[in-house]
Every structure is written in structure tokens, then in C-alpha cells.
Amino acid sequence: MSDYAAGVRRGGPGLAVWGMAMLVASEATLFGTFIGSYYYLRFGAQHWPPPGTPEPRVVVPLILAGVLATTSLPMQLAAMAARRARLWAARLLLVWALVVQVGYLVYEVHDYARQLQHSAPQDNAYSSIYYTLLGADHVHVAVGIVLVVWLLWKLLRGLTTYRLGAVQVVAFYWHAVNLLTLVVVGVLLSATL
Amino acid sequence: MSAAVYEERLERMWQSRPGVLGWVMTTDHKRIGLLYFWTTLVLFAAGGAEALLIRTQLIQPNQHLVGPATYDELFTMHGVTMIFFFIIPMTTGAFGNYLLPLMIGARDMAFPRLNALSYWIFLGSGLFIYTSLFLGMAPNAGWFDYVPLASRQFDPGHAIDFYCLGIIFNGLASTLTAGNFIVTILKLRAPGMSFNRMPLFCFAFLAASWGLLFALPSLSADTIFLFLDRNIGTHFFDVAKGGSTLLWQHLFWIFGHPEVYILIVPAFGIATEIIPAFTQRRVVAFPLVAVAELLVVFIGFGVWAHHMFATGMPTVTVIFFAAATAAVVIPSTIQVFAWCMTFITGNAQFKTPLLFIAGFIFMFVAGGLTGIMFLAVPFDQQVTDTYFVIAHFHYIIFGAAVFPIFGGMYFWFPKVTGKLYFELPGQISFWIIFLGTNLLFFPMHLVGLAGMPRRNYTYPAGLGWGADNLAETIGSYITTVGILLLLGNLVVSYFRGPPAGADPWHGATLEWTIPSPPPEYNFAVIPKVSSAYANWDVEDREEDRRRLAEGVMVLDEGHEQPVSSPVDGWFAEIAEMPHDSLWPIVLAVALSVVFVLLLLHLWMGTAFALAGVMLALLGWHGEEPEETDA
Amino acid sequence: MTVRRLGIVQWIGVVVAPLAWTGQHIVGYGVGQARCSAAGAHWGIGFDTWQLAILAVAGLLILISEAAAVTVFLATREVNYGDGPAGEGRCAGVLPYSRLHFFATAAMVANVLFLTVIFLDGLGSVFSSLCAQS
Amino acid sequence: MLLAGCGGRQDTLDPHSHQAGDIANLFWVMMAVSFGGLALVTGLLVFAWVRRRRRGIGGDTEGPHPGERTGWFVVVGMGVVFPLTVIVALFIVSDWAIVNITQAPAASSTAMTVEAVGHEWYWSFKYPGTKAVTADELHIPVDTRVNLVATTADVIHSFWVPELNRKIDTIPGQQNRILLYANQTGVYRGQCAEYCGLQHAHMGMLVFAQPEAEFRKWLKREAAPAAAPTTALERRGERLFLDGACSSCHAIRGTSAKGYVGPDLTHLGSRTTLAGLTIPNTPSYLARWITAPQHFKPGNQMPDLNLPPAQVGALVAYLESLK
């Protein structure tokens with residue numbers, strides 16, 4: 001079919017990846033706004049966090065965020081495996097990532113509930129932005145987990161170009177979420193400085 | 001095989017379902033554009049009716065046509081409607097959807113089903129927010145919705161909750177559209193259409209889409225905070241508990257000012273298509289006009305606090321926004337003079353569309369010059385929140401955004417319907433609208449300088465405001481007559497107008513290379529492009545005909561669409577586009593349920609509805625393009 | 001200069017200046033906001049030092065950006081911003097000169113604008129009385 | 001029937017202070033330049049119309065584009081260089097120079113301080129150092145630099161007396177200040193400029209700029225507690241006021257009325273207007289106001305009390321006696 005057929009090049013960032021890039025851009029901006037609000041409120045406050053409100057714990061959240069960040073590796077590998085049509089490799093790598101991600105979320109949600117017993121979003125502006133920012137991040141992790149589960153379910157029934165695109169897109173999403181988590185944790189911990 | 005055979009094959013390949021189902025399930029950007037067009041036209045009527053009521057209330061001092069409560073609802077809904085439910089969906093939704101793929105030589109948007117979803121969400125949000133009006137609990141704290149006036153303490157009831165949720169819901173639709181446009185413009189341009197050969201229309205919509213994508217999250221965050229403050233008891237805006245009322249204003253205007261440019265930049269795009277067609281000349285200083293359209297939105301992100309100069313911010317911070325306000329002027333002056341020089345060096349024929357563009361340039365310059373005045377902080381602090389500001393931004397939003405929309409309606413009417421509109425009533429409608437709007441908005445400068453503040457449901461006599469207000473109200477009636485004549489002309493032309501043919505204007509861009517109305521597959525052959533004014537490159541068009549005859553680049557094996565590299569438009573691959581689908585509307589309905597339940601504080605129900613949304617998404621992604629395992 | 005290198009230089013000309021202005025705008029505003037806020041008053045932020053420092057950095061970056069734009073513009077002067085190789089398929093292989101020229105022309109003008117702005121607000125914030133309420 | 005003008009006007013172009021004057025002059029200059037710009041562009045469009053349709057549709061759109069070079073010169077010259085110069089000049093004049101005159105005055109530079117508090121929907125004015133509290137009518141000495149502190153009791157309002165200075169919002173938790181200065185005795189009208197709810201339209205104020213001595217006399221009287229009623233009717237009115245609903249919202253210094261929802265009425269009789277400049281302060285209007293406040297100012301905090309005319313008469317007599 002003429003010179004175009006010759007020019008046809010598969011792979012590379014397809015439309016799906018571009019679409020996810022748009023989503024990530026808008027989500028990142030949303031978090032940017034949250035973080036901007038955090039510091040705007042912080043500048044206006046004499047004491048941060050206000051007296052009576054516990055400071056966030058430092059060590060555990062940092063370690064956990066680091067652990068979550070490592071899942072970028074299996075996600076990326078899964079995408080590469082899928083491109084080479086290594087179906088089983090892709091599935092196993094996704095399961096590896098999924099286990100870590102679920103573990104992270106389970107602990108964080110439990111911890112979130114625990115913190116709510118000592119302070120509530122209704123206490124003051126600090127708590128309001130603290131719980132909103134942290135909660136929003138957890139929601140994004142949860143969505144990512146749903147995506148991985150859906151991906152595995154899809155891959156049960158073989159690999160298609162469509163599903164290959166899906167793996168790449170979800171991997172992209174997870175890279176973004178991991179980065180986001182690191183930033184959010186960093187911002188929240190800046191209150192202890 | 002001959003051209004006819006290929007066209008017939010494509011016809012079969014792309015034809016959509018007959019009847020209503022065809023419209024409900026459609027993923028065709030042209031049909032979605034038309035759906036947007038009709039919907040926004042209805043909402044425009046609503047917003048216009050609100051405006052007429054406002055003007056009638058103010059026709060003379062101490063009027064009591066409507067009470068203060070109603071008046072507050074009226075000006076709030078007028079602002080919300082015109083901005084979120086008329087201009088944005090009309091420019092991006094209707095014009096962008098219908099024309100962008102045609103201008104870049106594509107057969108559809110990058111994500112056709114997402115495109116349909118955007119429309120159905122937009123429709124849902126429109127119904128959602130207008131329900132509040134009929135329930136007598138319409139938003140009443142202004143479209144800017146400042147706290148603490150909008151807080152639960154001072155505005156109990158559901159009015160502001162309707163506002164928050166409606167805005168978030170509507171923002172969802174705009175965000176999806178914006179992302180869709182960006183990917184479409186970057187990836188679906190016909191091979192050969194490198195950035196410097198992209199029609200200026202596309203630069204404008206690219207700019208507007210980036211603007212929407214990065215501005216809306218700020219508004220969403222703001223409305224989320226407010227919704228939480230009102231319904232959960234958080235303290236983002238509660239000064240007593242360490243919150244800040246100015247935080248609302250900052251977040252709102254970080255969205256709100258780029259918004260203004262999002263409203264007018266697509267109009268610039270429309271102008272930059274009409275001008276070449278009716279001057280038969282390429283736009284002067286093409287690269288500067290192109291970059292100006294991007295710059296105006298980019299710099300527009302840095303000026304937000306000039307809406308807050310009277311809030312007592314430190315001068316050292318105010319300075320930054322005043323300077324950005326100064327900078328954002330230049331891209332506009334570049335474009336204005338480029339347009340004028342194109343008028344002069346080309347051979348201008350003042351048919352209706354070009355008349356509207358000339359009027360647009362006049363109104364835009366008038367409004368822009370008063371806009372420049374606001375970079376003078378002390379003057380801004382003197383006239384902000386007066387009618388002077390209303391005059392300024394109505395010259396911009398009505399003059400610079402709506403005039404090109406009207407001009408565009410006339411300009412592309414033959415393309416969309418295949419009929420020509422009637423010229424004389426068209427020109428008359430322009431002059432009525434032009435005189436009407438100036439009579440409507442110019443006196444607002446004077447009455448504002450005479451000290452009349454905004455958002456007053458009535459005003460005392462004896463302050464010298466009466467005559468101006470009377471003139472404004474008369475102007476509003478005249479404008480209405482003009483708009484009705486315009487719409488009437490188009491309706492009559494639709495039934496009685498003479499056939500237009502493919503290219504009545506000898507237009508500059510690719511949509512004029514195909515029949516009117518365009519076939520569902522848009523382009524029988526993916527066009528060859530070697531300049532931004534493709535329809536004027538005669539040898540390229542002959543090349544297209546040759547290819548069609550030989551079946552080169554016809555792509556008739558399914559919903560095929562070439563994908564090219566983002567900057568230089570190099571041919572990359574052939575993508576298989578999805579077919580009609582019912583999932584977009586299903587998903588939109590599920591989302592509407594979510595927002596209604598949120599409004600009613602039915603948290604458990606909301607959770608279930610979200611589960612429904614997920615199921616819809618699951619079904620959506622169950623539809624895979626049929627193909628063999630890779 | 002090779003076409004490939006010209007391509008990189010062109011992007012420097014287009015991208016660096018806007019980013020420099022963005023940085024100067026946000027940091028400059030942020031410093032003012034912090035210095036004049038309830039909390040920041042005690043932090044002893046050297047306001048003028050900060051403003052002049054970011055002004056200098058941003059100014060330098062924008063000058064580099066402008067130089068890049070001019071370089072590309074001169075290197076591609078002979079082409080018109082509209083024409084150039086057809087650029088169909090991968091066969092063309094090279095960047096269209098017309099695209100380089102197009103972006104260079106646009107950037108040359110835009111960068112001047114950014115340069116003006118950063119001096120206006122950078123110097124303005126230093127001249128105006130610190131933390132006086134506008 | 002309603003109040004006409006009420007003495008003052010609020011015309012931004014009729015300045016009575018250095019600040020408002022500079023702003024007005026700034027405007028006149030900007031307007032002159034703007035009309036020049038508008039005339040230029042309109043001229044270009046008209047010129048295009050004059051030499052329209054030389055070749056008509058379908059004309060040669062391929063060949064060279066006549067006047068491209070001229071076009072570039074105009075676009076770069078008139079579209080970049082010229083406006084940039086003008087704007088830089090405007091920026092320096094207004095935002096480096098004039099802004100220093102209109103921004104909050106330096107603490108040491110003012111002779112006295114007045115506190116303006118915005119309420120839904122009236123203004124109350126306090127004179128620190130004295131007990132004086134009044135509503136809607138602010139008195140200042142002429143030719144004196146007054147430091148005005150604008151705060152709010154509820155939502156965001158904006159203190160604005162156009163002929164004296166630019167406006168300043170009242171932000172919760174913020175103590176915004178502007179300089180209030182009148183170079184000529186007289187009455188200047190002002191109005192809340194930030195949308196603040198139902199009766200935003202009826203939240204006017206008057207600024208009386210008086211000679212120093214006159215002002216001192218006024219302030220002295222204003223600071224004193226209310227005079228005891230003299231006639232029987234006034235005494236009846238006082239009893240009604242203190243025992244009835246009035247005292248739960250209004251304060252009258254020197255009596256047991258300590259309400260703070262509505263304005264302080266200690267010297268109501270000395271005011272020229274009522275209800276945020278909605279109506280003039282005459283016995284008949286006061287009577288109608290007490291009978292049906294919701295008629296004049298729908299949605300305001302004061303309920304229709306449907307008092308019998310006799311009681312209204314007594315209340316009016318008492319309140320008007322509070323000079």
C-alpha cells in the first residue's frame with residue numbers, strides 16, 4: 001500500500017499512553033493545588049501543626065513510601081515483558097507489584113483510621129488539609145490497585161495489542177502515583193521540620 | 001478500482017446507526033459537535049433570559065420587578081451559565097469538535113468514545129445545575145462564590161452545594177474534552193502537517209485545551225474544599241480555626257483568569273480562519289500569531305491576583321501580578337495588528353462573517369484597552385467591583401468571544417448544512433447586534449466611573465446613574481432582536497437556502513476540500529499537506545485525487561486513522577478507531593447518580609453508585625477492537 | 001551546526017525562557033507571601049537578596065534562551081517558515097528547516113517579552129516598601 | 001419616595017483628595033492613550049474597507065503575498081515595541097510611584113485612627129480612645145490624614161468612598177487600612193463594593209468632612225451617653241425600647257440596651273439617614289421604618305414588629321430625642 005505501508009512503525013507511545021499522560025497532567029495539577037493550599041495555610045499560621053494536634057510520624061511513612069516506589073520496577077518490567085509477548089512474565093511481575101501495593105494500602109488505611117482517633121479533619125485547618133491530601137493520595141493508590149487487578153483479569157485471556165497498551169498505560173499511571181506519594185509524604189512531613 | 005468504489009466502501013464502513021439510537025450511541029465528532037451546539041444554544045437562551053431580567057430590573061432606580069433574593073440567583077446563574085454552559089461548550093464542544101478533525105485531515109478525535117462521554121457528562125451537569133433553579137435553590141453567591149458568604153453559616157440550604165457539585169461535574173467534561181483535543185491535535189494531524197503547517201485555528205484550540213487542563217484542577221480543589229467545609233465540617237476557609245478566606249479567592253482566580261483566555265482564544269482561532277477566507281490572503285506574521293495564541297494562555301496563568309488587588313495583599317506580591325497583566329497584553333496586540341494588516345494587504349470582502357470579525361476586533365481592542373488599565377493597581381482598586389469592570393469584560397466576553405462565534409456560525413453554516421445563508425439579513429443582523437451591544441455595554445463604563453457598584457439589585461436616584469442604565473437596558477433589547485434575526489436567518493436558510501457546494505468561500509483549510517455536509521468518514525483519502533493553507537495548495541489537492549483513484553492512503557480496511565509524530569507530523573502508524581458505543585451515556589448516567597446522591601448526603605448510596613461507575617467502565621473496556629493476539 | 005543539534009538549540013530557545021519566568025513568578029510571589037505572612041515574619045527572610053538573586057538567574061536563563069532562538073533563526077534564515085521538505089513518512093529523515101525557523105522566529109519575540117516582565121516585577125518588588133499593605 | 005442622592009455623590013472622577021486625584025488623573029491619561037489606540041485600529045479597518053474587493057473570491061491565493069514585509073514591520077513595531085514601551089511606562093508610573101500614595105499609610109504619618117466595621121448590612125464606625133460609636137455616617141476633620149482600619153463582623157465587605165480614596169475590602173481575620181483624607185469640607189457618599197448578600201445594594205455610608213473644631217464638638221457629643229428622656233412620651237418610648245424587642249439587638253449607651261446585632265442608636269437623632277442610606281432620618285420615615293423595615297430593606301435583620309401606632313409614636317419620639 002505505497003510508501004506509507006513501508007513507513008508503518010508499531011509501538012512507541014501510542015494514543016493510549018498519550019491519553020494517560022493527559023490524565024496524569026491534570027491529576028498532578030490537582031495535587032499541586034492541594035500542596036499550594038497547604039503552604040498558603042501554613043504561612044498564615046503561627047504554630048504548625050497547631051498546639052494540641054499531633055505531629056505526623058516521620059520514619060514509618062517515609063519507609064512505606066519508599067517501598068511503594070519500588071513497585072515502579074515490576075510495573076515497568078511487566079510492560080517490557082508484555083511488549084516481548086512474554087505473557088507469564090508479565091502476569092507474575094504484575095502480581096509481585098500488586099502484593100506490595102495492597103500491603104501498602106492496607107497498612108496506610110489502618111494507620112489513617114488510627115490517626116483519626118487522635119485528631120479529626122474537623123479540628124482545624126491543618127488537620128483538614130492534612131487528611132484531605134493524604135486521603136487523596138490513598139485514593140489514587142486504590143485506583144491503581146483496581147487497575148492492576150483488572151489488568152491481570154484481562155491477561156487471563158491472552159495478550160492483544162489493546163491489552164499491551166493497557167499494561168503500558170497502567171505502568172505509566174503507577175510511576176506517576178509513586179512519585180506523587182513521595183511528594184505528598186515529603187510535604188506532610190515538612191510540618192515536623 | 002475507481003474513486004467512487006472506495007468512497008462507497010468507506011461509506012459502508014463508517015455509517016452509523018439510523019434514528020435516535022444513532023445519536024445516543026454516536027462517536028462521530030460531527031454528530032457530537034452538533035449535539036453540543038443545540039444544547040449550548042438552549043443554555044444560551046436561558047442565560048440570555050436571565051440577563052434580560054437583570055437589565056429590566058435595573059431599567060430605572062428603585063425598581064422592584066424582582067426581589068433581592070431572586071436577583072442574586074439571576075446574576076449568579078447568568079455568570080455560571082454563560083461561562084461554563086455556553087461559551088466553553090460552544091467553542092470547544094461545538095466548533096472544536098466539529099471542525100478540528102476536519103482541519104487536521106483526521107477522520108475522528110483521538111478518543112471518540114471519550115468525546116461522547118464528555119458530551120453526556122456536560123448534558124448531565126447542565127440538567128443538574130438547572131434543576132436547582134426549578135427547585136428554587138439556585139446558587140446565589142455569585143459565580144465567584146466568595147467565602148464566607150458562601151459558607152454554611154451565611155448560606156444554609158443546598159444552593160451552594162449545587163454550585164460546588166455542578167462545577168466539579170461540568171469541569172470533568174471540560175477536562176476530558178481538553179485532553180482529547182490535545183492528543184488529537186498532537187497525534188492525528190495528517191502526515192506532513194508539521195507544527196508550522198498547522199492552521200492557526202488548531203493553535204488556538206491547543207492553547208485553550210492546555211488552559212482547561214491545567215486551570216480546572218484548581219477550581220475543582222477549591223470547590224472540593226468548600227463542599228467539605230459545608231458538609232463535613234472542615235475548616236479550609238474558616239479563619240477562626242486557622243483557615244483563610246483569601247485561599248478561596250486565590251484558588252478560584254488561578255482558575256478564573258486563565259478561564260477568561262480559554263473563553264476568547266478559541267474565538268481568535270475562529271477569526272484566524274474567517275480572515276484568510278474573506279481576504280484571500282494568508283495571515284500576516286503567521287509564526288507570531290501562532291505563538292501569541294499560545295502565549296496569551298500561558299501568561300494568563302500568572303495574572304490571577306489582579307482580581308484581588310483590593311484585598312489588602314502586600315504591595316510586593318501585588319507587583320508580580322500587575323507585571324504579568326502588563327505582559328499578557330502583548331500577544332493580543334500582536335494578533336490585532338496581524339489581523340488588521342491581513343485585512344489591508346489582502347482583498348477584504350465584508351460578507352457577514354468578516355463583518356462579525358471586524359466588529360470583534362473593534363470590541364476586543366476597546367475591551368482590551370480598559371483591561372490594560374487594570375495593571376495600574378491604584379486605578380484597579382478604584383474601579384474594581386464597579387460597572388466599569390462589567391463593561392470591560394463584557395466587551396471582551398461578548399465582543400471578543402461571542403462575535404466570532406456568531407461569525408463562525410455563518411461561516412461554517414454552508415459546510416455543516418450544505419446550504420448558503422441569506423447575505424442581506426445576515427449583514428443586518430450584524431449591524432443590529434453591533435449597535436445593540438455597544439449601547440448595552442458602553443454606558444457601563446460611565447456609570448461605573450460614576451461609582452455604581454456591581455451586584456446591586458437596585459440603586460438610588462440622584463447619583464446620575466439613571467440615564468446610563470436606561471440606555472443599557474434598551475441596548476440589551478436591541479441585541480436580543482439582532483440575535484433572534486441571526487438565528488431566524490440560519491433556520492430559514494436551512495430549509496430555503498441555495499445549495500452551497502463544497503467550497504463557497506474558497507476557504508483556506510482542509511474542511512473545504514470535502515463535500516458539504518461532510519461524509520461520516522470525513523476524508524476519502526488522507527490529504528497531502530505542505531502548508532497551513534492546504535486548500536490553496538492546488539497541486540496537493542490534485543495529488544489527493546490521483547491517490548484516491550489509485551487507492552493510495554484511502555485506509556478502507558476498518559475504522560483506520562493514521563497517527564503521526566507530535567511535532568513534525570511524520571507518519572507513525574495506523575490506529576484502529578472504536579465504533580459506536582452505548583457505554584459513554586451509561587457511564588454519564590451513573591456519574592450523574594453519584595453527584596445527586598452526594599448532594600443528598602447519601603454517602604452509602606454514593607459508594608454504591610461509584611461501584612456502578614466502575615461496572616460501566618468495566619463494560620466500556622470490554623469492547624476491544626477485534627484483532628488477533630499480538 | 002548539524003540539523004539534529006539545531007533541533008535541540010531550537011527547543012532551548014522555545015522552552016527555557018517561559019520556564020524561567022514561571023520560576024521567577026512563583027518563587028518571587030512565594031517569597032513575598034512568606035516574608036509578609038504571620039509565620040514568615042519571624043523567619044528572617046532577606047527579601048531583597050532573594051528577589052535580586054532569582055531575578056539574576058531568570059534573566060540569565062532568558063538571555064541564553066534568546067541567544068539560542070537567534071542562532072537558529074540565523075542558521076535557517078534562507079527558508080520560509082511555511083515550506084521545507086515534505087516530511088512525509090520516515091523517508092524525509094531530517095527535521096524540516098521550516099519548523100526550526102518557525103519556532104525560532106516565534107521564540108525570539110516571546111523571550112523579549114519574558115525578559116521585560118521579570119525586570120518589571122523583580123525590580124518593582126525591591127523598590128516598593130516591604131510588606132506595606134497595598 | 002426613597003432617598004435621593006442624600007447629599008454626597010460617589011464619582012471617581014470628582015476627587016477631593018490627593019489620592020483620588022492621582023487616580024483620576026491616571027485614568028484621564030490612560031483614557032486618552034486608549035482612544036488613540038482604538039482610533040488607530042478602527043482606522044486600519046476602515047482603510048481595509050475603503051480598498052476592499054479588488055480581486056474577489058477565488059483570487060490568486062497561491063502566488064506571493066503582497067505587503068508581507070510591511071505587515072511584519074507593523075506587527076513587530078505597533079504590536080510589540082510600541083505597546084511594550086507604553087505599558088512599561090504605565091507600570092512604572094502607577095505601580096512603582098502612585099501605589100505608594102494610595103497604599104496603607106505609614107503608622108506615624110496619620111493624625112488619628114477610625115475603625116470601620118462592615119455588618120450585614122450597615123457600617124459601624126468607632127473612634128478609638130473615645131466611647132463614640134455611630135452607624136453609616138462617618139465624621140472626619142478636613143485636611144487631616146485619617147488612618148482608617150476596615151474590618152468585618154461577618155462576610156467580606158468593601159469600604160469605598162470614591163471621591164476620597166480607592167476601596168479596601170474587609171477580610172475576616174485581617175486588619176486592612178487605607179488613608180482617608182478630604183481636602184474640602186463636605187459630604188462624600190460611599191458604598192459597600194463587595195457583594196455581601198441580600199441587601200448589598202443598601203449598604204451606603206456618608207463621610208462628613210468638617211472643620212477641626214466642629215468635628216471635635218461632634219465627637220465629644222457622640223462619645224457621651226444618651227441623654228435621659230424629658231417628655232412623658234419619650235419616657236414611654238424609652239421603656240418600650242428597653243423592655244421590648246429593640247434592646248435585644250440595639251445598644252443605647254447609658255441605658256440597659258446592649259444589643260450588638262443592629263447599629264448603636266445612642267445618638268440616632270443626630271444622624272441624617274437611616275438603614276444604610278435607604279431613607280432620610282425624619283420622624284415619619286423612622287415611624288414607617290419601625291413599622292415595616294422589611295418593606296424598605298427586604299431580608300435585613302430587623303423583623304416587622306407590627307407594633308400599634310401609639311407605641312411606634314412613642315419610640316419615634318424617644319429615638320429622635322437622642323441628639
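Biologist: Which pair of chains has the most contacts here?

Modeller: Among the 5 pairs of chains that touch, chains B and D have the most contacts. Two residues are in contact if their C-beta atoms, placed from the backbone, lie within 7 Å. Keep in mind that this is a predicted model: local features need pLDDT of at least 70, side-chain atom pairs count only at pLDDT 80 or more, and totals for chains, interfaces and linings use all residues. Residues are numbered from 1 along each chain as its sequence is written, while chains are lettered from A and ligands numbered from 1 in the order in which they are written.

Biologist: How many residues of chain D are in contact with chain B?

Modeller: The size of an interface is often given as the accessible area lost when the parts come together. Here we count residues: 82 of chain D are in contact with 79 of chain B. On the chain D side, α1 (18-50), α2 and β7 (168-170) each supply at least two residues, and α2(D) gives the most, with 19. Those names come from DSSP runs, numbered from the N terminus: helices are H or I with at least four residues, strands are E with at least two. That side divides into 41 nonpolar, 27 polar and 14 charged residues. Nonpolar covers Ala, Val, Leu, Ile, Met, Phe, Trp, Tyr, Cys and Pro; charged covers Asp, Glu, Lys and Arg; the others, Gly among them, are polar.

Biologist: And what does chain D do with chains C and A?

Modeller: With chain C, 12 residues of chain D are in contact with 10. The elements giving two or more residues to that side of chain D are α2 (68-102) and β8 (176-180), and α2(D) gives the most, with 8 residues. That side splits into 7 nonpolar, 3 polar and 2 charged. Chain A and chain D do not touch; their nearest C-alpha atoms are 11 Å apart.

Biologist: How do I read the sheet in chain D? In which order do its strands run?

Modeller: Strands of a sheet pair through backbone hydrogen bonds, either parallel or antiparallel. Two strands count as paired if DSSP finds at least two bridges between them. In chain D, 5 strands form an open sheet in the order β3-β2-β1-β5-β8, with mixed pairing. The edge strands, β3 (133-135) and β8 of chain D, each pair on one side only. Zoom in on β1 (residues 112-119) and β5 (residues 146-152) of chain D: they pair in the parallel sense over 7 bridges. Val114(D), for instance, has Leu148(D) in β5(D) as its bridge partner.

Biologist: What about a helix? Why does the span of α18(B) agree with expectation?

Modeller: The expected span is 1.5 Å times one less than the number of residues. Helix α18 of chain B (residues 583-599) has 17 residues, so it should span 24 Å, and its end C-alpha atoms are 24 Å apart. Its buried residues include Trp583(B), Ile585(B), Leu591(B) and Phe595(B). A residue is buried if 20 or more other C-beta atoms lie within 10 Å of its own, exposed if 12 or fewer, and partly exposed in between, with C-beta atoms placed from the backbone. Their cover includes α2 (19-24), α5 (112-134), α6 (159-187) and α19 (603-622) of chain B. Just after α18(B), His601(B) takes a positive phi of about 60 degrees.

Biologist: How many helices and strands does chain A have?

Modeller: Chain A has 7 helices and 0 strands. Of its 193 residues, 37% count as buried.
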